[in-house]
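Grab your viewer and a scratchpad. Here are some exercises to work through, each with a solution.

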Amino acid sequence: MAIASRAPLDKLAAGAAFLLGFATIAAALGSQYIGGLYPCELCLEQRMAYYWGLPLLALILVLWNRLPLPVWYLGMVIVTGIFAWGTYMGSYHAGVEWGFWPGPTACTGVGDSFSFDQLNSMTPVIGCDVVQFRFLGLSLAGYNALISLAIVVLLIGAIVFQAKRKR
């Protein structure tokens with residue numbers, strides 16, 4: 001008589017979401033510091049979902065069997081909401097790049113004034129409507145929107161799998 005061992009799908013989905021998110025932010029940082037792609041203001045804003053969501057998700061994964069179920073659900077809903085916001089930000093930025101709507105004036109406008117003292121800071125300023133890299137027709141903001149959406153789907157899947165397991 002063989003005993004089938006099944007890994008809990010809820011933890012697998014949450015773990016996959018974490019790995020996907022970690023790989024994504026690592027690639028973004030690598031493209032900046034190794035690849036020389038300078039992030040614009042919206043790029044930096046999109047990264048906030050990873051900076052806030054991944055540590056919280058890591059904490060949930062580490063404390064997986066020790067968290068009371070209501071706390072687990074609350075944490076997972078918060079992480080899912082953070083990445084849903086990340087999906088929105090990636091979609092918004094991709095729309096700015098495609099010219100579907102205007103971006104924030106801080107990174108797509110011409111600015112109010114300029115001082116020659118600002119030349120001392122030689123950090124490149126990249127407009128939010130400028131695409132530095134496209135692959136298969138999508139910019140990095142477009143890929144971020146799709147990846148964030150995939151993370152949201154995985155996290156919702158983890159919540160649903162957990163709910164079905166606890167019935």
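The exercises below go from the whole chain down to single residues, and the model is a predicted one.

**Exercise 1. Work out the fold pattern of the chain.**

Solution. Start by counting elements: the secondary structure comes to five helices and two strands. Now walk along the sequence and write them down in order, which gives α-α-α-α-β-β-α.

**Exercise 2. Describe how the chain packs: what share of its residues is buried, and what share of its contacts links residues 24 or more positions apart?**

Solution. Take burial to begin with: 35% of the 167 residues count as buried. Next, keep just the contacts with a separation of 6 or more; residues 24 or more positions apart account for 77% of these. Finish with the surface: the chain exposes about 10,400 Å², and carbon and sulfur atoms supply 70% of that area.

**Exercise 3. Check the length of helix α2 (residues 41-62) against its expected span, then find where the helix kinks.**

Solution. The helix has 22 residues, and the rise is 1.5 Å a residue. The expected span uses one less than the number of residues, so α2 should span 32 Å. Its end C-alpha atoms are 32 Å apart, so the two values agree. For the kink, look at Gly53: a bend of about 25° lies there, shortly before Pro55. Gly53 is also among the buried residues of α2, along with others including Leu54, Leu57 and Tyr50.

**Exercise 4. Is Thr24 buried or exposed, and which residues does it touch beyond its sequence neighbours?**

Solution. Place the residue: Thr24 sits in helix α1 (residues 9-33). Its relative accessible area is 15%. The cut-off for buried is under 20%, so Thr24, at 15%, counts as buried. Now skip the neighbours within four places in sequence; Thr24 is then in contact with Tyr50, Asn144 and Ile147. Tyr50 belongs to α2, where it is buried.

**Exercise 5. Find which residues make the nonpolar surface patch of about 400 Å², and which element gives the most to it.**

Solution. The patch is made by Leu9, Leu12, Ile156, Val160 and Phe161. Sort these by element: α1 and α5 (140-165) are the ones that give two or more residues. The top contributor is α5, with three residues. As a spot check, take Leu12, which is found in α1. Its relative accessible area is 48%, so Leu12 is partly exposed.

Methods: Residues numbered from 1 in each chain as written. Predicted model: local features only at pLDDT ≥ 70, side-chain atom pairs only at ≥ 80, totals over all residues. Heavy atoms only, no water. Helix = DSSP H or I, 4+ residues; strand = E, 2+ residues; numbered from the N terminus. Buried < 20%, exposed > 50% of the residue type's maximum accessible area, 1.4 Å probe, protein only. Contact = heavy atoms within 4.5 Å. Areas by Shrake-Rupley, 256 points an atom, 1.4 Å probe, with all protein chains shown as cover. Bend = angle between axes of the 7 residues up to and from the residue. Patch = residues over 30% accessible without salt bridge, like charges linked within 9 Å, V, L, I, M, F, W, Y side chains within 5 Å. Salt bridge = Lys/Arg side-chain N within 4 Å of Asp/Glu carboxyl O.
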